[in-house]
Amino acid sequence: MSQFTISGSPHVHGEESVKKIMYTVVLALVPAILVSTYFFGLDAVRVLLIAVISCLFFEWVIQKYLIKGPVTITDGSAVVAGLLLAFNVPANLPWWILVIGALVTIGIGKMSFGGLGKNPFNPALVGRVFMLISFPVQMTSWPVAKPIFAEGLTDAITGPTALGLLKEGLDAGKTVDQILADPSMPAYLDRLTGNMSGSLGEMSAIALIIGGLFMIWRKVIDWQVPVSIILTVFVFAGIFHLIDPTFYIDPTFHLFTGGLMLGAIYMATDMVSSPMNISGKWIYGIGIGLITIIIRMWGAYPEGISFAILIMNAFVPLINNSFKPKRFGLVANKK
Amino acid sequence: MIALKTFKKGGVHPEENKISAHAPIQKLPFPKQAIVPLGQNLGAPSKPLVKRGDEVNTGQLIAKAEGFIAANLHSPFTGKVLKVDDAIDSSGYRRPAIFIEVQEEEKWEEGIDTSEAIIREIKADKQAIIDQIKQCGIVGLGGATFPTHVKLMIPDGKKAEYLIINGVECEPYLTSDHRLMLEKGEEMLIGIKILMKALEVEKAIVGIENNKPDAINHLSELAKQYAGISIQPLKVKYPQGGEKQLIKATVNREVPSGKLPIEVGCIVSNVGTAVAVYEAVQKNKPLIERVVTVTGKAVKKPSNFMVRVGTPVQMLIEAAEGLPDNTGKIINGGPMMGKAITSLEVPIVKGSSGILLMKNEESRRGIPQTCIRCSKCTIACPMGLEPFLLAKMAKLSLYERAETEKIMDCIECGSCQFTCPSNLPLLDYLRLGKNKVGQIIRSRK
């Protein structure tokens, strides 16, 4: 018997791990967490903590007592799911709704399919859409952003999101210019920095983009998915804006309001539920962009990215089968 | 600065760890007993010509090539044949080998020039070169050990345009080719000229990764005297030493799936092979020795040795000041594609480029977790395959589907497994799948 280890090559490993990837995502979310805490204060902290702790708790209970298998709550995936769930709800959401949302996220969105790596849909979005449909009132009364250091306004004030204002205004027959002139509509710069009403993580496009760049740099996500979504939304909304600017708002409005950045950078890029190959990632991203803008312009909801991502998630197996990576040696050679 | 050339698809960048790069090549003392395996080349093993009790000279033909893809084998030592018997090789199998009791005093076979003098003039013609290479048992020294004379016989209707010489040495740790380029540069270039003559090509390109600037400078300087040979620095990226990747990197051509490099007018050979060709053609010296790196993080004296074939691994390790206490794994070759060996008795063969000693803590794999579909393996695959999918198909015995998904294109470079965050044994499954699919393909004929 040999005293040496025998195994097939390769004998070295790149030191990449699931844990590292998950905690890189957590790290990438820090700027957005700070921004939401700045605007919503302790409410933000409360929502983030409840969501993360409930997700961890449900994963632990299910793995230990239902599946009776190994408990892997330290791998960070439940933390990420919890954070993203919290990012998708208003800061004043009652705690019990959030706990139910976490149960749906982990229980139905993730564990029912076999846990990490098996879920076809983004778990946090499953939880979010469940809450949106079950508790529409609580899920759509957003507190007005109130920077911690600013004076005035009390906590109790809620207001519609920029996208909500747009939808209501258009439904009421107003033109885009009239809607933008409405005093409750956040100004251009506020939309960029996040000083407006909305879900926790929808606030600051800048903070989200910083996190996104960090993840691209750390190779946790590919740039193709966010870029294709953002480009599609921009181009599609841009075309309609050019056709009729009184009815269709300028495309940058779409980019910096609602959950577009959050969805494009953090939700659609979820490794488990997005396509595996580069060409597939483009198709997936373009699909999400189109569905999002269609829902925003003509759908019943002011915001559509959650649905768009879930719909495209369902197409991922098909995309994976149809869009293969470019094989080496299958292209004709130019002599 | 201009961006350095490299191949485009996939690839990884493992820690280079070229700790033996500055150790000059040293001659290793002879062992008491040598084990010379009969199957040292790709293809059929050689047929022994000696029997127990025979006296052999250094360089004497002791086993003959059998079949088309086969190579001659010569005695690396002077001494007496003890037996022809099975011995454990680096794959862990018992395979036939010639055991030789080595005699201290060396007696070379007649007609072999053992002097150091460099012979520059190439007298042999095309056919004489190929015959001489065949006679001397030259095989590819990059690791694949494909008989070189077979490679030089271009099939009818094909024409070689480029001779590409592999000085990439993309495997971490290994430095044998690096040292060879520095110390035998002139011989190597003459060897390349000989190969060019045999192939009737005008252009030869030596691809060298940019982490060996001394070799690039040295050879560029020497190559001025040799028309048609150019030195091409390449960006450091694994697996650039793969034949298809190197062709892509140097001349930007893609070898079609399932085809050989000649399809795109290229022939690829290793720098070590070029030196062996020089010695065979100019000095009539058969392939009986090669440069082997002995290295590892715990090795006291990482070294490069000129080793006779048949020398047990044990002796190389002793020459590098012994086996470190915490050695957990011994690898014949580099960390990406080398084979873990079971015993220190395993002999050096024509294809051994290095002996890597890994510490206990380095030698174990991480615990496999579930696939998180991160697609890092797909991005890392230099052949544009989907390793996660192929591994799954192999696991589920879906061999027909694995074949249509091009499992046979896998070059077993290990980039997928290296990069997998879930520590999945992807290449283990891929090898299994390739094995089965290969059987299926062969059974169709």
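This is a friendly dialogue about reading a predicted model with chains A and B.

Reader: Where should I start looking? Which residues touch the most other members of the largest nonpolar core?

Author: Start with the core, and look for the residues that have many partners within it. The largest nonpolar core here has 232 residues, and those touching the most other members are Val47(A), Ala51(A), Leu163(B) and Leu316(B). The element that gives the most to this core is helix α1 of chain A, residues 18–40, with twelve residues.

Reader: What is Leu316(B) in contact with, leaving aside its neighbours within four places in sequence?

Author: For a question like that, look for residues that meet in space. Leu316(B) is in contact with Leu28(B), Val292(B), Val294(B), Phe305(B), Val307(B), Thr311(B) and Ile355(B), once neighbours within four places in sequence are set aside. Two of these names, Val292(B) and Val294(B), come up again in strand β13 of chain B, where they point one way together with Arg290(B).

Reader: Let's follow that strand, then. Why is β13(B) said to be largely enclosed by the rest of the structure?

Author: Here we count neighbours: a residue is buried if 20 or more other C-beta atoms lie within 10 Å of its own. Strand β13 of chain B covers residues 289–295, and seven of the seven are buried, so the rest of the structure largely encloses it. Glu289(B), Val291(B), Thr293(B) and Thr295(B) point the other way from Arg290(B), Val292(B) and Val294(B), yet both sets are buried.

Reader: Which strands do bridges join to β13(B), and do they run parallel or antiparallel?

Author: Trace the chain direction along each strand and its partner. Six bridges join β13(B) to β14(B), residues 303–308, and this pair runs antiparallel. In that pair, Glu289(B) stands opposite Arg308(B). Three bridges join β13(B) to β17(B), residues 354–359, and here the strands run parallel. Thr295(B) has Leu356(B) in β17(B) as its bridge partner.

Reader: What does an open sheet look like, and which strands stand at its edges?

Author: Write down the order of the strands and look at the two ends. In chain B, four strands form an open sheet in the order β2-β8-β7-β4, with antiparallel pairing. The edges are β2 (33–37) and β4 (55–56) of chain B; each has a single partner strand, so one side of each is left without a neighbour in the sheet. Five bridges join β2(B) to β8(B), residues 94–102. Gln33(B) stands opposite Glu101(B) in that pair.

Reader: How do I read a β-α-β unit? Which elements make the right-handed one?

Author: Follow the path from a strand, over a helix, to another strand. In this model, the right-handed unit is made by β10(B), helix α5 of chain B (residues 213–223) and β11(B). Six bridges join β10(B) to β11(B), residues 229–234, and the two run parallel. Ala204(B) has Ile229(B) as its bridge partner in β11(B). Strand β9 of chain B, residues 162–167, is also joined to β10(B) by six bridges and runs parallel to it. There, Asn166(B) is partnered by Gly207(B). As for cover, six of the seven residues of β10(B), residues 203–209, are buried.

Reader: Which residues of helix α1 of chain B are buried, and what do they pack against?

Author: Find the buried residues, then look at what lies across from them. In α1(B), residues 126–135, the buried ones are Ile129(B), Ile130(B), Gln132(B), Ile133(B) and Lys134(B). The buried residues of this helix pack against α2 (148–152), α4 (185–199) and α7 (271–283) of chain B. After α1(B) comes Gly137(B), with a positive phi near 65 degrees.

Reader: How many residues does each chain give to the contact?

Author: Take the two sides separately. Chain B gives 55 residues and chain A gives 31 residues. On the side of chain B, β15(B) gives the most, with four residues. That side divides into 22 nonpolar, 18 polar and 15 charged residues.

Reader: Could we end with one residue? Why does Met276(A) count as buried?

Author: Count its neighbours again. Met276(A) has 23 C-beta neighbours inside 10 Å, so it counts as buried. Met276(A) is found in the loop between α13 (260–267) and α14 (278–298) of chain A. Its contacts beyond four places in sequence include Asn320(A), and in the other chain Arg373(B), Ser375(B), Thr378(B) and Glu386(B).

Technical notes: Residues are numbered from 1 along each chain as its sequence is written. Chains are lettered from A and ligands numbered from 1 in the order in which they are written. This is a predicted model: local features need pLDDT of at least 70, side-chain atom pairs count only at pLDDT 80 or more; totals for chains, interfaces and linings use all residues. A nonpolar core is a set of buried Ala, Val, Leu, Ile, Met, Phe, Trp, Tyr and Cys residues joined through C-beta atoms within 7 Å. A residue is buried if 20 or more other C-beta atoms lie within 10 Å of its own, exposed if 12 or fewer, and partly exposed in between; C-beta atoms are placed from the backbone. Two residues are in contact if their C-beta atoms, placed from the backbone, lie within 7 Å. Two strands pair if DSSP finds at least two bridges between them. Ala, Val, Leu, Ile, Met, Phe, Trp, Tyr, Cys and Pro count as nonpolar, Asp, Glu, Lys and Arg as charged, and the others, Gly among them, as polar. A crossover is right-handed if, with the strands pointing away from the viewer, the path from the first strand over the helix to the second runs clockwise.
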